[in-house]
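Here's a quick tour of a two-chain model, starting with one fold and ending at the interface. Have the viewer open as you read.

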Number of protein chains: 2
Amino acid sequence: MRSWRTESSEQLFKHRILTLERRHLAAGPDRRQALVLDTPNWVNVVPLTADGRVLLVRQWRFGVAAPTLEIPGGMVDEDDARRAAARELEEETGCRARHWRKLGALHPNPALLSNRLTTFLATDLERIGEPAGDGGEEIEVETVPLAEIPRLIAAGTITHALVVAAFYLLAQSPPDASEDAAPEATPPAGG
Amino acid sequence: MRSWRTESSEQLFKHRILTLERRHLAAGPDRRQALVLDTPNWVNVVPLTADGRVLLVRQWRFGVAAPTLEIPGGMVDEDDARRAAARELEEETGCRARHWRKLGALHPNPALLSNRLTTFLATDLERIGEPAGDGGEEIEVETVPLAEIPRLIAAGTITHALVVAAFYLLAQSPPDASEDAAPEATPPAGG
């Protein structure tokens, strides 16, 4: 398989959430162009309560011009995906998690998007406030039993493919794995 | 939850594979803007052989500037997602399927993208030619046992989130369901 090298790149549109670029590529003597959406990385969080319920968020989504039912998630504005996940969880549900586990990192769409999506499981949840939403947007929190998720996906109640991928990763994740992804759990150097 | 109505839309960039729009939205007295990528619908196909192997395609992906291992898929250029799935399967693997089952329809990203992704299971496969690829791009076909897919995802060999979502739908799909999604199976009207 040939590697395509970027010879130059035109910025067609730039915005905080995405930059649209036309890349001019070369592989040996061949040349071609490709459109790429250069975006910040994303995170998704499956917030799971002690009694086996998932916190879902209902919000208006502008892409499909309709409300959707999703897990919390968003852009990684900071350096660390785990910190972004904690911020999104708190903004969208008003909850903080005492335990974090990384379920995996995927590409949301490697054909078009440059970014990565990291998915976390958040457990040992503590309610610390109200959902604030993002930029004043309304957000409603619903809790459903984890065992109900397959039915909600089959019924078309949950339609977000990246949320479905998160539940795949959770289903494949050994339930007794306890790698703690919380950065504050790192012992101080020399401690 | 308030509905946001599109009052007007600016086309920021237009291309065959996507149109980037800035939508001006209203909900009651409130106004806001949102970026939306208006794209054709997409299809994904899980091609499964009689001996339980999945046909995967390896190709260079320009978003992540690397080769990926995926199931066949692409844009719905025609009216019908099933026909698009058959075309993509044939282009990318050189195979035709005698049996099709729709596994589900999802939104690839309802926050940003307007489109839908329909996933099919293709079985009773017949090799009819060589993979042609899309626009002369190189494509390599690999077959792996279906039971190996979770390991390939966990290992980061398969990273495409929409492919992971497809395997979620397959895992949840009753194995004896036999809804035939092939349009040619529709009896003629009055027949």
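What follows covers chain A, its helix H1, and then the contact with chain B.

This is a predicted model, where local features need pLDDT of at least 70, side-chain atom pairs count only at pLDDT 80 or more, and totals for chains, interfaces and linings use all residues. Residues are numbered from 1 along each chain as its sequence is written, with chains lettered from A and ligands numbered from 1 in the order in which they are written.

Chain A has three helices and ten strands (DSSP runs, helices being H or I with at least four residues and strands E with at least two, numbered from the N terminus). The order of elements is β-β-β-β-β-β-β-α-β-β-β-α-α.

Take helix H1 of chain A, residues 81-93: its 13 residues should span 18 Å at 1.5 Å a residue, and the end C-alpha atoms are indeed 18 Å apart. The expected span is 1.5 Å times one less than the number of residues. Among the buried residues of H1(A) are Ala84(A), Leu89(A) and Thr93(A) (buried: 20 or more other C-beta atoms within 10 Å of the residue's own, placed from the backbone). Right after H1(A) comes Gly94(A), with a positive phi near 75°.

On to the interface: 47 residues of chain B are in contact with 47 of chain A (C-beta atoms, placed from the backbone, within 7 Å). H3(B) gives the most to chain B's side, with seven residues. That side divides up like this:

| Class on chain B's side | Residues |
|---|---|
| nonpolar (Ala, Val, Leu, Ile, Met, Phe, Trp, Tyr, Cys, Pro) | 31 residues |
| polar (the others, Gly among them) | ten residues |
| charged (Asp, Glu, Lys, Arg) | six residues |

Definitions and conventions
A residue is buried if 20 or more other C-beta atoms lie within 10 Å of its own, exposed if 12 or fewer, and partly exposed in between; C-beta atoms are placed from the backbone. Two residues are in contact if their C-beta atoms, placed from the backbone, lie within 7 Å.
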